[in-house]
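Let's take a walk through this structure together, one piece at a time. Have the sequence and the 3D view ready.

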Amino acid sequence: MKNYNNSILFVLTIGLLCLTACEEVIDLKLDDASGQLVIEGSLTNASGPQMVKLTKNIPFTSTNIYPPVIGAVVTVQASSGVSFPLIEGPAGTYTVNGLAGAPGSTYTLIVKSGGHTYSAASTMPNAVALDSLTSKDGRSGNTGGGNISVRKVVTAHYQDPPGVKNQYLFLVYVNGVQVKNVFAYDDNLTDGSHVGADLRQSDIDVYVGDTVKVEMLCIDKQIYTYWFALQQQDAHGPSGSTAPANPPTNISPAALGYFSAHTIQTKTIVVK
Amino acid sequence: MKYIILIPVLLIVFSSAFAQKKFTISGTISDKSTGETLIGATVRIKELPQSGVATNSYGFYSISAPQGLYTLLVTYVGYETVVRPDSLSQNHTVNFAISQQNALNEVVISSNRPNNNQIVSPQMGLEKLNMSQINNVPVLMGEKDILKTISLLPGIKSATEGNTGFYVRGGASDQNLILLDEATVYNASHLLGFFSTFNSDAIKDVSIYKGGMPAEYGGRLSSVLDIKMNNGNSKDFTVQGGLGLISSRIKFEGPMGDKGSFMVSGRRTYLDLLLKGSKDTTLSNSTLNFYDLNAKFNYRFNDKNAIYISGYFGNDNLGIQDRFGSNWGNTTTTLRYNHIFSNRLFSNTSVIYSNYGYTMENFSTQNNFKSTSQITDLNLKQDFQYSLSDSHSLKFGINVLHHTIAPGNITANGTSNTNNKDVEKRYGFENATYFSDTWKASPKLTVEYGLRLSNMILLGPGTFNTYDTNGNTISSNSYGSGSLVKNYLNLEPRFSASYQLSEASSVKASFNRNTQNIHLLNNSTTSTPTALYVMSDNNIKPEIADQMSVGWFKNFKDNAFEFSAELYYKNLQNQIDYRDGAQLNANQDVASQLTYGSGRAYGLELFLKKKYGRFNGWIGYTLSKTERQFDSINNGDYFPASQDRTHDLSVVGIYKINKRWSFSSTFIYATGNAVSYPTGKYAVNGITTFSYSERNGYRLPANNRLDIAFTLEGKEHKKYHSSWNFGLYNVYGHKNPYTITFQESETKMGTTEALQTSIFPTPIPSITWNFKF
């Protein structure tokens with residue numbers, strides 16, 4: 001919330017004081033530290049294939065095509081000690097069928113690749129029900145040509161369970177296109193409340209008639225910190241926010257990415 | 001602590017026993033036309049070349065000599081030198097009222113040999129700015145600003161363009177002690193740092209100590225910015241003010257009976273009015289303003305007793321109708337009592353209140369809540385100045401400062417789904433006692449040595465957790481009201497010395513240790529109002545800085561030109577940074593989000609200034625390096641702090657063209673801030689994410705900018721005076737980088753780009769009309 005408020009303050013002040021402010025795309029000489037392993041692993045409570053994706057990072061100046069890492073040995077170990085090998089599929093994906101995560105269980109991902117063994121553990125929290133989605137008027141804006149349209153904001157409603165720490169991550173899709181903001185929330189100020197989380201975003205404007213799909217993930221504390229750190233570094237945030245760095249990962253030895261055991265629910269709304 | 005107080009007592013007893021029979025002349029020095037006391041004016045006995053003393057913060061001086069016939073010389077920058085014979089056979093009082101020079105005649109007057117204080121005084125790292133310079137330096141939108149002007153001095157760097165946050169010799173912005181009539185001003189900025197809280201109309205004197213901190217100051221590592229308000233004109237009732245582009249100012253001052261005077265000064269912006277014109281309904285329904293109110297009253301009962309009451313109140317309001325509201329501000333009040341025990345012993349007692357707080361309100365139906373935070377200080381100070389002999393002048397005193405910090409308090413309204421939350425308040429005392437002696441050891445050697453003992457006491461009630469290096473709670477203890485949680489004691493030696501090589505040159509050296517027990521947590525480089533203050537506690541240790549510096553000082557052309565070269569090295573301990581993904585807001589366990597390390601800073605500062613004449617100004621250059629080291633950052637290697645600026649150059653010139661016109665200009669060049677740029681990218685959850693290799697491994701492009709201003713003085717009138725100020729900021733429209741961000745390209749799908757934001761990329765004109773009657 002603090003970041004959000006600061007952004008408003010900042011945008012307002014800059015907007016007013018610096019009616020002259022300008023932005024321009026510039027060329028920078030950036031070092032190339034590409035070719036590092038990126039592990040993106042998730043294990044959900046939904047039955048269906050569970051997937052781990054292994055890629056490599058690329059130079060800043062390249063087109064966003066990430067080279068897959070092939071030939072790795074990937075397993076997921078449940079806290080019961082049972083081990084599930086993942087089978088390599090196309091483009092660096094490794095999947096296992098017939099495994100649905102159970103809330104309360106801790107899972108350990110083990111990736112053997114390039115002569116190194118990486119491991120990451122994550123505990124799947126209990127699911128909190130996504131009750132509903134609603135939409136309301138957001139900031140009005142001039143859409144050009146004298147047309148004033150009202151931008152809409154979608155709100156996700158859920159009942160936070162009292163007395164326990166909960167963390168949430170929302171993924172938002174507008175007409176099938178993913179919104180590129182991170183929405184990570186905890187219950188520091190909303191423990192036990194009926195929460196309406198406004199998914200205010202700066203990426204894709206939402207208007208009446210749009211279809212918005214929201215995925216709600218209940219995530220563990222460490223994964224929340226990972227997403228919260230990314231959210232703080234959001235390019236749309238106030239200037240000079242935290243020195244950007246790789247978010248703290250649960251993978252050891254450190255690699256880019258994360259392994260998250262989480263619950264997942266999806267709801268869709270046609271904005272009115 | 002008792003022993004420390006004994007030292008000065010013993011010294012006094014000893015020295016008086018052996019001292020030769022001497023007499024003392026004392027008094028105050030003030031401006032002839034306004035009665036305003038003058039700080040730092042010099043009194044010398046012509047026949048005794050080593051005899052110079054300077055007036056203190058209250059314009060008081062005390063000078064001793066054996067019986068004899070003497071000539072007293074009183075000098076002060078911008079004022080006529082006063083020569084007065086004195087036959088000294090007993091202690092007596094001489095008050096001086098001196099008149100300002102006419103600027104155009106100054107060339108002639110420089111033959112009066114203005115003082116060479118900078119050469120003789122052992123004080124290093126001190127910069128003083130006179131208000132006329134501050135008033136003449138061109139600034140953004142014509143808003144004269146002390147904090148922006150001091151950032152043009154070597155060793156002092158502004159946080160970002162147009163920002164009043166500043167860094168001194170590699171210190172962080174919360175390591176500056178900002179005092180307004182002795183009261184701490186916690187957040188000296190308005191509108192996220194674009195303007196400072198100091199309305200220059202109300203200010204008399206500005207001193208900034210970058211090093212060699214005298215023992216009477218303590219509590220911050222990097223610098224002391226000591227700002228003193230005007231006492232008010234004790235001769236005439238006057239009104240002065242100004243109308244500017246974004247704000248207006250007005251000041252009333254005048255005598256109160258024969259013995260007192262008052263000053264009230266206010267400033268308010270009218271940016272809101274600009275907003276009303278906006279087509280964007282979000283902007284036109286927004287609030288955006290700030291105001292400042294300074295007031296001071298003083299009353300001189302007699303030559304020996306005087307009281308001063310001064311206060312400051314400032315507030316910012318920023319909000320969007322129906323969605324969001326915020327306000328923040330400082331309040332300070334200082335009550336002082338001067339008592340002159342004897343010609344040699346001056347005492348000041350101060351009771352000081354200081355508060356900074358903010359309120360943020362969210363008005364949306366589900367998230368309707370108010371968040372507040374406060375820091376409140378109550379401070380009792382007793383300071384003595386004792387002119388022991390013509391070779392020893394002592395300062396000693398004691399200070400008891402009580403802090404109350406309410407770090408965050410969330411109050412929800414009605415239907416809100418936010419819960420009320422109170423982060424526990426914290427209470428503590430910062431106590432200090434100090435002693436220092438300025439000793440004229442020989443005609444050429446002057447030494448100032450001192451000691452400050454500082455003590456931090458953190459008190460209950462509350463629950464205090466202790467965290468391990470990963471931020472996990474390892475123990476938790478509850479304390480009752482008033483019970484001791486943590487006690488820190490630090491001894492801070494202060495030492496500086498000057499050795500005169502000749503009448504016009506000297507070398508100096510200094511060492512000082514400073515400690516800091518109030519820490520600002522704010523993981524952003526801009527001055528945000530939502531700053532969080534914490535005291536040293538069971539997790540956070542006092543920050544410690546040791547600074548050594550040496551310098552060469554040289555005056556030219558009858559002291560009209562001053563040159564100095566200073567080298568400094570600073571070592572910092574117990575520095576604070578944040579864990580990645582740190583959550584500082586409304587977090588009872590905020591200390592678990594911190595990580596601790598060390599720092600070092602060193603540099604060379606060159607400073608050439610011309611203080612007198614139709615043309616005056618300065619050139620300041622700093623070559624420096626500032627680094628930090630944290631085990632958890634950058635593999636534990638030293639990395640450049642964001643404020644590390646290799647080169648920093650400022651040129652300031654003020655030229656009086658004729659009686660009515662004057663011209664001023666500043667030019668700055670500075671290496672860009674150290675920043676972290678991505679060295680690769682990848683995708684998680686379908687979001688393009690950047691990967692980083694090292695902390696602050698890159699630089700923003702260098703800044704450079706030229707600003708100019710013209711002042712036109714109105715025709716002379718008996719009853720009133722007016723002037724126009726025309727300014728142009730960023731004359732050649734250089735696009736200085738404010739930030740560089742990285743994002744997915746909107747034009748070339750599937751690629752990423754670097755975007756530079758410049759906030760003042762074009763020349764920005766300003767106009768201000770000032771009046772006085």
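Two strands count as paired if DSSP finds at least two bridges between them. Keep that in mind as you look at this predicted model, starting in chain B. There, strand β34 (residues 518–521) and strand β35 (residues 532–535) run antiparallel to each other and are joined by four bridges. In one of these, B:L520 has B:Y533 of β35(B) as its bridge partner. Now look at the side chains of β35(B): B:L532 and B:V534 point one way, while B:Y533 and B:M535 point the other way. Residues on both sides of β35(B) are buried.

Further along chain B, find B:T711, which sits in strand β47 (residues 703–713). B:T711 is buried because 22 other C-beta atoms lie within 10 Å, and the cut-off for a buried residue is 20 or more. Beyond its neighbours within four places in sequence, B:T711 is in contact with B:N136, B:S662, B:S723 and B:N725. Its C-alpha atom is also 8.3 Å from that of B:S664, a residue 47 places away along the chain.

Stepping back, chain B is divided into domain 1 (2–113), domain 2 (126–217) and domain 3 (224–772). The centres of domain 1 and domain 3 of chain B, taken over C-alpha atoms, are 33 Å apart.

Finally, turn to chain A and its helix α2 (residues 221–232). At 1.5 Å a residue, the 12 residues of α2(A) should span 16 Å, and the end C-alpha atoms are indeed 16 Å apart. Nine of these 12 residues are buried, so α2(A) is largely enclosed by the rest of the structure. Among the buried ones are A:Y224, A:Y226, A:W227 and A:F228.

Methods. Residues numbered from 1 in each chain as written. Chains lettered and ligands numbered in written order. Predicted model: local features only at pLDDT ≥ 70, side-chain atom pairs only at ≥ 80, totals over all residues. Helix = DSSP H or I, 4+ residues; strand = E, 2+ residues; numbered from the N terminus. Contact = placed C-beta atoms within 7 Å. Domains from an automatic or database assignment. Expected span 1.5 Å × (residues − 1).
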